[in-house]
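Open the model in your viewer and keep the selection panel at hand. The stops below go from a helix pair to a few side chains.

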Amino acid sequence: MKQTENDSKNMKNLEPQKVSGESGSADKPRSWREYIEETEAAEKKAERQAAKERAAQLRKEKHSVNAWKEKAKTALEGAKTAVSEAKAMLDEAIAARSEAKAAQNEVKAEKNEVKIEEDKPRTAGKRLQKEPAKENAAGSEALERIRGLTANGRDQVSGVLNKFRDVIARHPVSPLLYVTLLVVVVGAVFFNSTYTRAYAVNVDGQEIGVVSSEDDVEAIVRNVESRASDILGEEFSFDTEKLSTVAVFVTPDELSDAAALEDTLFEDVGALTQAYGLRVDGNELGYAATEQELQDLLMEAARPYLTEDTINYDFVEDVEVYPVEVPSNTQYDVEKIRATLSEFRVEQSTYVVKKGDTFNAIAYSLDMWPIELSVLNPDVIVDKIWVDQELIIQEAVPFLSVQNFTDETYEETVPSPVEYIETADLYVGDTKVKEQGEDGLQRVNARVTYVNGVEVDREILTTETLKEPTTTYAYTGTTPRPVTASNGYFIWPVRGTITSNFGGRNLWGRYDFHLGLDIACRTGTSIKAADGGTVIKAGWSGSYGNLVAIRHDNGYVTYYAHNSSLLVSVGQKVYQGQIIARSGATGNVSGPHCHFEVRINNTSVNPRNYLP
């Protein structure tokens, strides 16, 4: 390979490159032959690439717009030259033809003279007979002159034709030019028979269509003004200063559709403008100039129900913000939409009675008067509600109900697992702790869904144990439960009207704290044990009058006072619902009734919290 000066310098400055093997063996340097072969390959590759680039550039230049312009310009100049030379040749051909025609006329004249000379012997035979040689010489001379003139004419015409052929040979584009001239002539005739006069309609200098007459433009403008007036609700005049027409020639199928041209002109008027509407459950609330204004109003409605844990929110109702065209003079009332979205509506719902609830407490917790709650529940006895009973209530619901999705992380207790050990010392269903374990602790990540701030769903995503719980060991009874065993809940000892509730009251002009419920009933009405247990009192007890007290298996004690007679004795086992006394009016009373009292750790509590 022939090396250049730069190749030699590169070879001198080249440092051997090392190629590492997979096993980490000694590196092998490249030989000079390998380097020379690589250099030759690189040079050939560079030459091929340069050749490709030059060829691409040539193709680009050959097919570029400027190249085509230059070709067209050259062809046009050649056509002009050919036309000029053809015109000159045509003039020469006409002159030659005139000369040939003159020559032909001269030949005819000579022939006539010869004919006359030939006719003379007939009329003057004597003279011809006397001078035959002289006449023959004259005829021969005339014929020679005729032949010369004819040959001269043919030579001139042939010369002109040869020149014409030379022009065509020198300008090969000329035949195409002649065809073009013929096409132009034919096209002119076709144009006159095909195209018609029309008017191009321009708005602000921009063409929007073509009509057949200026009367059509006036009719279209009148229709546009009428449509705009109907939409705006007021008189509208089109600005004709920006409208102009230009006479043009078009084919019939190039004429614009009048209705389409009217729509185009109407859009330019601006009687309608782009706005955005808000629709909730199919009902339109109003319009705003921009979509962002309505989105801001929706965000205001949702914000009270969003928290720092919110990852997404939505509306329960079908809410839609959509583009709409409205009259350009529309007055937007965004405040009216805001007021609508801020409204609350009253809806009926249900409340499930829980343990410890009272009718009055439920009403107050719902910001209602008890009489209002009673009107909504006419069939409910105020003093006889029970756990899991459903009450009809009213609640204020926002115009838009917000469904808030949150991602919450919190710690919660993991209850100690319980293992039971059977024992005959306990009744069936009763349990007793032998060894109390400890609750565990875990970190929970949950996806929680709220509607208007009330939790409706909780999905546990991940849990992380922070403290393992320990097991609780407890005994469970195997001995059949006797009828006198406690069931763990109370029933009403007697049915009747509550004449005095638990708590403070004014009795005979002085304040008194009532420790139980007074249930009005006739003297002699059966009084039943609220739950099974053991009688610990049965007799007279001061202001209680005749009293029965029962201790239950869970340690609770119930009192039944003011009885007319007692049907049980101390130490007796009684079952739930067993008749233990007859109502009366003994002790400090104003009439017959049953005083029912519940005591836990010798402290009186509200019996209503333990009755169904």
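Select Glu293, Leu294, Leu297, Leu298 and Glu300 in H9, then add Val334, Ile337, Arg338 and Leu341 in H10: these two sets of residues are in contact. The model is a predicted one. To see the whole elements, extend the selection to residues 291-302 for helix H9 and to residues 334-341 for helix H10.

Two packed helices are described by the angle between their axes and the distance between the axes. For H9 and H10 the angle is about 25°, and the axes lie 10 Å apart. Angles under 35 degrees count as roughly parallel, so H9 and H10 are roughly parallel to each other. The crossing of H9 past H10 is right-handed.

Next, show Arg279 together with Tyr322. The charged end of Arg279 is placed over the ring of Tyr322, at 3.9 Å from the ring centre.

Then turn to the aromatic side chains. The model has 6 aromatic pairs, counting rings whose centres lie within 6.5 Å. One of them joins Tyr313 and Phe315, with 5.9 Å from centre to centre and 90° between the planes, an edge-to-face arrangement.

Are these two residues buried or exposed? Tyr313 has a relative accessible area of 26% and is partly exposed. Phe315 has a relative accessibility of 12%; buried means under 20%, so Phe315 counts as buried.

For the last stop, select Phe490, Tyr556 and Tyr610, which together make up one aromatic cluster.

Technical notes:
Residues numbered from 1 in each chain as written. Predicted model: local features only at pLDDT ≥ 70, side-chain atom pairs only at ≥ 80, totals over all residues. Heavy atoms only, no water. Phe/Tyr/Trp six-rings, centres within 6.5 Å; stacked < 30°, edge-to-face > 60°. Buried < 20%, exposed > 50% of the residue type's maximum accessible area, 1.4 Å probe, protein only. Lys NZ or Arg CZ within 6 Å of the ring centre and 35° of its normal. Axes fitted to C-alpha atoms, helices over the stretch in contact; angles between N-to-C directions. Helix = DSSP H or I, 4+ residues; strand = E, 2+ residues; numbered from the N terminus. Parallel < 35°, antiparallel > 145°, perpendicular 65-115°, else oblique. Left-handed = near helix turned anticlockwise from the far one by under 90°. Contact = heavy atoms within 4.5 Å.
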